[in-house]
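Trainee: I would like to learn how to read a structure such as this one, feature by feature. Could you take me through it, giving the general idea before each case?

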Amino acid sequence: MTDRAFTEREFIPFNDNPFGLVYDEALTENVEGAVNIRAIQYPYRDFTAVANVYVPAGYDEAGSYPAVVVAHPNGGVKEQVAGTYAQKLAENGYVALAFDAAYQGESGGEPRSTDWPENRVEDIHRAADILLQYPGVDPGRVAVLGICGGGGYTFKAAQTDKRFKAVATLSLFNSGEVRREGFRGSQVDTIQERLAAACEARQAEAAGQPAALTPNMCETATPAQADAMPYDLYREGYYYYGRDCAHPGSTFSYTVSSLIELAAFDARDGAQLIDVPLLMMMGSRADTGYMTIDCYERAVNAPVRELLEIPGATHIQTYWKPEYVEQATAKLVAFLGEHL
């Protein structure tokens with residue numbers, strides 16, 4: 001692998017899983033001839049990014065496989081829901097790369113938890129650079145799957161990255177819209193004050209002070225407070241990220257100064273540039289569903305455009321609940337099988 005832009009590295013587990021995975025039915029060992037997971041690292045700007053690559057049963061470096069980049073949610077890491085779907089894809093014959101976004105997880109970048117849309121979109125472009133170099137990957141059959149915030153950034157990245165021959169999102173979250181306007185428009189009236197605070201935070205960083213972070217809900221809220229939250233995204237996210245699939249690299253916080261960049265971003269802008277088959281999946285009960293529909297309706301030039309509403313599912317339940325994961329996986333595999 002010395003002639004490629006990535007190198008293999010050691011796993012650094014923090015739990016009983018040797019790969020540090022935190023999702024149900026995660027791999028616990030690499031068995032010859034079965035689905036395997038490999039840890040890699042690669043240069044990214046002036047630091048190093050990391051990813052896990054899942055390869056299908058019987059994988060042969062001399063073979064020719066379809067492949068998928070998998071982008072995780074805001075604040076998430078590759079060992080959570082991105083790993084769930086990457087493993088499912090590998091079980092269905094795909095090489096799948098799940099990466100840690102820059103400035104979070106095991107990837108480098110300072111200040112930590114910087115959440116600039118430009119970076120998150122570049123993460124996906126860079127992951128494509130690497131996946132297209134991975135042994136056995138067919139460059140004509142590469143797709144991208146984005147989940148939650150990673151879905152919004154995937155929707156943006158795919159507008160100009162024509163290496164992706166198909167695009168899929170799950171429970172898309174339009175980060176710029178929500179940080180600017182609040183969830184379901186709940187903070188429209190405070191944007192100027194919040195931008196002023198973000199600018200103060202940036203100036204403090206420029207003066208050498210530590211980056212100020214937004215509150216981490218999993219640390220500041222009690223279960224009773226979480227249960228009283230009005231939106232399923234936050235109610236259920238509290239338990240998914242804070243208890244059931246907790247990971248030390250995952251956080252709800254981001255730098256206060258990031259709002260300067262986030263407020264100017266909107267995943268919907270440029271949607272007409274998507275000109276490959278597009279699959280958008282969401283839970284029928286998800287509070288975030290309107291974001292998927294907004295983006296779907298604007299992607300008017302996708303030659304194939306499919307919207308899957310998973311009956312009964314909320315946003316977070318599409319991450320882990322077996323019957324919903326299976327429905328999303330079945331649709332995703334069928335869609336990619338037809339269009340890659």
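Mentor: Let us begin with a term that we shall need for the strands: a residue counts as buried when its relative accessible area is under 20%. Please keep in mind throughout that this is a predicted model.

Trainee: Which residues of β7 point one way, and which the other way?

Mentor: The general idea is that in a regular strand the side chains alternate between the two faces of the sheet. In this structure, A166, A168 and L170 point one way from β7, while V167 and T169 point the other way, and all of them are buried. Strand β7, residues 166–170, is accordingly described as mostly covered, with 5 of its 5 residues buried.

Trainee: In what sense does β7 run relative to β6, parallel or antiparallel?

Mentor: Strand β6, residues 137–147, is joined to β7 by 5 bridges, and the two run parallel. One pair to look for on the display is A143, whose bridge partner in β7 is A166.

Trainee: How many bridges are there between β2 and β3?

Mentor: β2 and β3 pair over 9 bridges, in the antiparallel sense, and they form a hairpin with 2 residues between them. Y44 has F47 of β3 as its bridge partner. On another pairing, β3 is joined to β5 by 4 bridges, with the strands running antiparallel, and there A51 stands opposite F99 in β5. As for exposure, β3 is mostly covered, since 8 of its 9 residues are buried.

Trainee: Which residue in the turn of that hairpin has a positive phi?

Mentor: The background is that most residues other than glycine have a negative phi, and most peptide bonds are trans. In the hairpin turn, R45 has a positive phi of about 55° although it is not a glycine. R45 lies in the loop between β2, residues 36–44, and β3, residues 47–55, and is partly exposed, with a relative accessible area of 45%. A second case is R184, which has a positive phi of about 55° and is likewise not a glycine; R184 is found in the loop between α4, residues 175–181, and α5, residues 191–206, and counts as partly exposed at 46% relative accessibility.

Trainee: Where is there a cis peptide bond?

Mentor: Look at the bond from E110 to P111, which is cis, with omega near -5°. P111 lies in the loop between β5, residues 95–99, and α2, residues 117–131.

Trainee: How should I read the packing of two helices, and at roughly what angle do the axes of α2 and α3 cross?

Mentor: The angle between two axes is what one classifies, and 65 to 115 degrees counts as roughly perpendicular. The axes of α2 and helix α3, residues 149–157, come within 9 Å and cross at roughly 75°, which makes α2 roughly perpendicular to α3. On the α2 side the contact is made by P117, R120, V121, I124 and H125, and on the α3 side by G149, G150, Y153, T154, K156 and A157. Taken together, the residues of this contact divide into 5 nonpolar, 4 polar and 2 charged.

Trainee: Why is α3 described as largely enclosed by the rest of the structure?

Mentor: The description follows because 9 of the 9 residues of α3 are buried. Among them are the glycines G151 and G152, along with F155 and K156.

Trainee: Is E177 buried or exposed?

Mentor: E177, which is found in helix α4, is buried, with a relative accessible area of 7%. Leaving aside its neighbours within four places in sequence, E177 is in contact with G182, F265, D266, R268, Y290, M291 and D294.

Trainee: What is the radius of gyration of the protein chain?

Mentor: The protein chain has 19 Å, which agrees with the value near 20 Å that a compact globule of 340 residues would have. The C-alpha trace spans about 55 × 40 × 40 Å along its principal axes, and the chain holds 12 helices and 9 strands. Of its 340 residues, 57% count as buried. Among contacts between residues at least 6 apart in sequence, 75% join residues at least 24 apart.

How values were computed: Residues are numbered from 1 along each chain as its sequence is written. This is a predicted model: local features need pLDDT of at least 70, side-chain atom pairs count only at pLDDT 80 or more; totals for chains, interfaces and linings use all residues. Side-chain values use heavy atoms; hydrogens and water are left out. Buried means under 20% relative accessible area, exposed over 50%, partly exposed in between (1.4 Å probe, protein chains only). Axes are lines fitted to C-alpha atoms, for helices over the stretch in contact, and angles run from 0 to 180 degrees between N-to-C directions. Angles under 35 degrees count as roughly parallel, over 145 as roughly antiparallel, 65 to 115 as roughly perpendicular and the rest as oblique. Contact means heavy atoms within 4.5 Å. Ala, Val, Leu, Ile, Met, Phe, Trp, Tyr, Cys and Pro count as nonpolar, Asp, Glu, Lys and Arg as charged, and the others, Gly among them, as polar. Two strands pair if DSSP finds at least two bridges between them. The radius of gyration is taken over C-alpha atoms; the globule rule is 2.2 Å times the number of residues to the power 0.38.
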